[in-house]
Amino acid sequence: HILLDYHNNKFDRDYVEFNVRISELEAGMQDFVDHSFENISSISHSLNLLHKFQNVLQRESLKADLDSKLNIIFLNYGLELEKTQQLYEKLKQDPPIPRNLPPVAGNITWSRHLLKRIEEPMKQFEANQN
């Protein structure tokens with residue numbers, strides 16, 4: 001091998017093939033990330049998965065996709081807040097009470113559950129700020 005032979009373009013071909021394969025791998029990773037988020041129904045699980053992917057994926061194209069996922073999760077959290085508010089307004093006069101609790105304790109348990117439903121994702125959003 002003569003390394004300085006500019007007529008030999010084997011390296012150029014190998015480099016182009018390498019870049020094509022990297023692009024294919026990125027597309028596969030993006031499909032995997034998209035598919036992973038499709039199957040998750042809770043905001044907390046979505047944020048946990050997003051955090052795991054952010055720690056692993058370092059390529060700029062994949063980071064941009066993860067940023068868009070964060071925006072989608074945030075919009076879904078807004079919808080979840082509205083649903084929780086509607087549920088509260090609907091059931092605040094007669095909330096569901098577990099059968100083994102007295103009425104006051106049952107009301108407190110129900111309201112704490114709603115508060116936890118709101119606060120946990122909020123704390124995760126705060127911890128996930130980059």
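**Notebook: helices, core and salt bridges**

I began with Leu91, which touches Pro96 and Trp110 when residues up to four places away in sequence are left out. The model I am reading is a predicted one. I placed Leu91 in helix H3. Its pairing with Trp110 spans 19 residues in sequence, and the two C-alpha atoms lie 9.9 Å apart in space. I then looked up the accessibility of Leu91: the relative accessible area is 22%, so Leu91 is partly exposed. The cut-off matters here, because buried means under 20%.

**Entry: helix H3**

I next took H3 as a whole. It covers residues 60-91, which makes 32 residues. From its first C-alpha to its last it reaches 46 Å, close to the 46 Å expected at 1.5 Å a residue. I listed its buried residues as Leu62, Asp65, Leu66, Lys69, Ile73, Tyr77 and Thr84. I noted that Asp65 and Lys69 are in that list beside Leu62 and Ile73. For the packing partners of these buried residues I found H1, helix H2 (43-56) and helix H4 (103-127).

**Entry: helix H1**

I turned to H1, which runs over residues 10-38. It has 29 residues and an end-to-end C-alpha reach of 42 Å, close to the expected 42 Å at 1.5 Å a residue. Its buried residues are Glu26, Val33, Ser36 and Phe37. I recorded that they pack against H2 and H3.

**Entry: helix H2**

I checked H2 in the same manner. Its 14 residues should span 20 Å at 1.5 Å a residue, and its end C-alpha atoms are 20 Å apart, which agrees. I found Ile43, Ser44, Ser46, Leu47, Leu49, Leu50, Phe53 and Gln54 buried in H2. The buried residues of H2 pack against H1, H3 and H4.

**Entry: the nonpolar core**

Which residues have the most contacts inside the largest nonpolar core? I found Phe37, Phe53 and Ile73, in a core of 13 residues. The elements that give two or more residues to this core are H1, H2 and H3. H2 supplies the largest share, 5 residues. I set beside this a general remark: in soluble globular proteins, nonpolar side chains tend to be buried together.

I followed Ile73 further. Setting aside residues up to four places away in sequence, I found that Ile73 touches Phe37, Ile43, Ser46, Leu47, Leu50 and Phe125. Of these, I had already listed Phe37 among the buried residues of H1. Ile43, Ser46, Leu47 and Leu50 are among the buried residues of H2.

**Entry: salt bridges**

How many salt bridges does the count give? I obtained 7. The general basis is that side chains of opposite charge can pair when their charged atoms come close. I looked at three of them in detail.

I took Glu17 with Arg21, where the closest N and O atoms are 3.0 Å apart. Both are in helix H1 at a separation of 4 residues, so about one helical turn lies between them. Such spacing has a general reading: an α-helix has 3.6 residues a turn, so residues three or four places apart point the same way. Are Glu17 and Arg21 buried or exposed? Glu17 counts as partly exposed at 42% relative accessibility, and Arg21 counts as exposed at 52%. Arg21 passes into the exposed class because that class begins over 50%.

I then took Glu89 with Lys92, whose closest N and O atoms are 3.1 Å apart. Glu89 has a relative accessible area of 43% and is partly exposed. Lys92 is also partly exposed, at 36%.

For Glu120 with Lys116, I noted a closest N and O separation of 3.8 Å. This pair lies within helix H4, 4 residues apart, about one turn of the helix. Glu120 is partly exposed, with a relative accessible area of 37%. Lys116 has 49% relative accessibility and therefore counts as partly exposed.

**Entry: a nonpolar surface patch**

Last, I looked up nonpolar area at the surface. Which residues make the nonpolar surface patch of about 380 Å²? I found Phe11, Tyr15 and Phe18. I placed Tyr15 in helix H1. Its relative accessibility is 46%, so Tyr15 counts as partly exposed.

Key: Residues numbered from 1 in each chain as written. Predicted model: local features only at pLDDT ≥ 70, side-chain atom pairs only at ≥ 80, totals over all residues. Heavy atoms only, no water. Patch = residues over 30% accessible without salt bridge, like charges linked within 9 Å, V, L, I, M, F, W, Y side chains within 5 Å. Areas by Shrake-Rupley, 256 points an atom, 1.4 Å probe, with all protein chains shown as cover. Salt bridge = Lys/Arg side-chain N within 4 Å of Asp/Glu carboxyl O. Buried < 20%, exposed > 50% of the residue type's maximum accessible area, 1.4 Å probe, protein only. Expected span 1.5 Å × (residues − 1). Contact = heavy atoms within 4.5 Å. Core = buried A, V, L, I, M, F, W, Y, C linked by side-chain atoms within 4.5 Å.
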